[in-house]
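Colleague: Please choose one part of this model and take a close look at it. I would like it set against the rest of the chain, in plain terms.

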Amino acid sequence: MVQDAKNLYYSREWFQEMKSKYDAASPDRCLGMSFDEAAKHISQDGLVMTAAEAEKYDENHDGSINFEEYLTMRLEYDSRRQDKRGRFLA
């Protein structure tokens with residue numbers, strides 16, 4: 001996951017919430033989310049993501065989105081939607 005100053009704004013509770021959301025959206029936590037599952041999950045909040053866009057976050061090229069990759073995707077999504085609806089931090 002990309003580490004930078006913006007990550008300091010996220011609380012422990014936010015990370016726990018993200019882990020809960022990831023676990024709920026992933027039918028097999030050992031295998032991770034498929035690109036389609038990840039795109040559908042992220043798209044639920046308003047900005048549309050395609051499976052092809054989700055595939056770009058597969059940093060280890062294992063064919064799925066693990067929790068670390070999911071956080072990277074979520075942090076980028078949050079920064080993109082900041083212009084649309086504002087940013088609410090936990």
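Modeller: A helix here is a DSSP run of H or I of at least four residues, and helices are numbered from the N terminus. The model is predicted. The part I have chosen is D58, and I will come to it by way of the chain and its charged pairs.

The chain has four helices and zero strands. Read from the N terminus, the order of its elements is α-α-α-α. Of the 90 residues in the chain, 34% are buried. Among contacts between residues at least 6 apart in sequence, 59% join residues that are at least 24 apart.

Start with helix α1, which covers residues 12-25. With 14 residues at 1.5 Å each, α1 should span 20 Å, and its end C-alpha atoms are indeed 20 Å apart. The residues of α1 that are buried are W14, M18 and Y22. Seen down the helix axis, these buried residues fall within an arc of 75 degrees, so they line one face of α1. The spacing fits a general rule: an α-helix has 3.6 residues a turn, so residues three or four places apart point the same way. On the face turned away from the buried side, α1 carries the exposed residues R12, E13 and A24.

Next come the charged pairs. How many salt bridges does the structure hold? It holds three. In α1, the side chains of E17 and K21 form one of them, with an N to O distance of 3.3 Å. These two residues are four apart in sequence, which is about one turn of the helix. E17 is partly exposed at a relative accessible area of 38%, and K21 is also partly exposed, at 29%. Another salt bridge joins the side chains of K19 and D23, at 3.1 Å from N to O. K19 and D23 also lie in α1, four residues apart, again about one helical turn. K19 counts as partly exposed, with 34% relative accessibility.

Helix α2 covers residues 35-43. There D36 forms a salt bridge with K40, and the closest N and O atoms are 3.3 Å apart. Because D36 and K40 are four residues apart in α2, about one helical turn separates them. D36 is partly exposed, at 40% relative accessibility, while K40 is exposed, with a relative accessible area of 54%. The buried residues of α2 are F35, A38, A39, H41 and I42. They cover an arc of only 165 degrees around the axis, which puts them on the same side of α2.

Now to D58 itself. Where does D58 sit? Its place is in the loop between α3 (51-55) and α4 (67-85). D58 is buried and yet has no salt bridge. The nearest side chain of opposite charge belongs to K56, and that side chain is 14 Å away. A salt bridge would need a side-chain nitrogen of Lys or Arg within 4 Å of a carboxyl oxygen of Asp or Glu, so at 14 Å the side chain of K56 does not qualify as a partner for D58.

What lies close to a polar atom of the D58 side chain, and at what distance? The backbone nitrogen of G63 lies 2.9 Å from such an atom. G63 is also among the residues that D58 touches, together with F35, S64, I65 and E69, when residues up to four places away in sequence are left out of the count. F35 has already appeared above, as one of the buried residues of α2.

K56 deserves a word too. Like D58, K56 is found in the loop between α3 and α4. K56 is exposed, with a relative accessible area of 69%, whereas D58 is buried. K56 and E69 are 13 residues apart in sequence, and their C-alpha atoms are 9.7 Å apart in space. E69 is one of the residues that D58 touches.

One more residue of this loop is H61, which also lies between α3 and α4. The phi angle of H61 is near 55 degrees, a positive value in a residue other than glycine. H61 counts as exposed, at 70% relative accessibility.

To put the parts together: E17 and K21 meet in a salt bridge, as do K19 and D23, and D36 and K40. D58 is buried without a salt bridge, and a polar atom of its side chain lies 2.9 Å from the backbone nitrogen of G63.

How values were computed
Residues numbered from 1 in each chain as written. Predicted model: local features only at pLDDT ≥ 70, side-chain atom pairs only at ≥ 80, totals over all residues. Heavy atoms only, no water. Buried < 20%, exposed > 50% of the residue type's maximum accessible area, 1.4 Å probe, protein only. Lys, Arg positive; Asp, Glu negative; His and termini not counted. Polar contact = N/O pair within 3.5 Å; in protein donor to acceptor, adjacent residues only side chain to side chain. Contact = heavy atoms within 4.5 Å. Expected span 1.5 Å × (residues − 1). Arc of directions from axis to C-beta.
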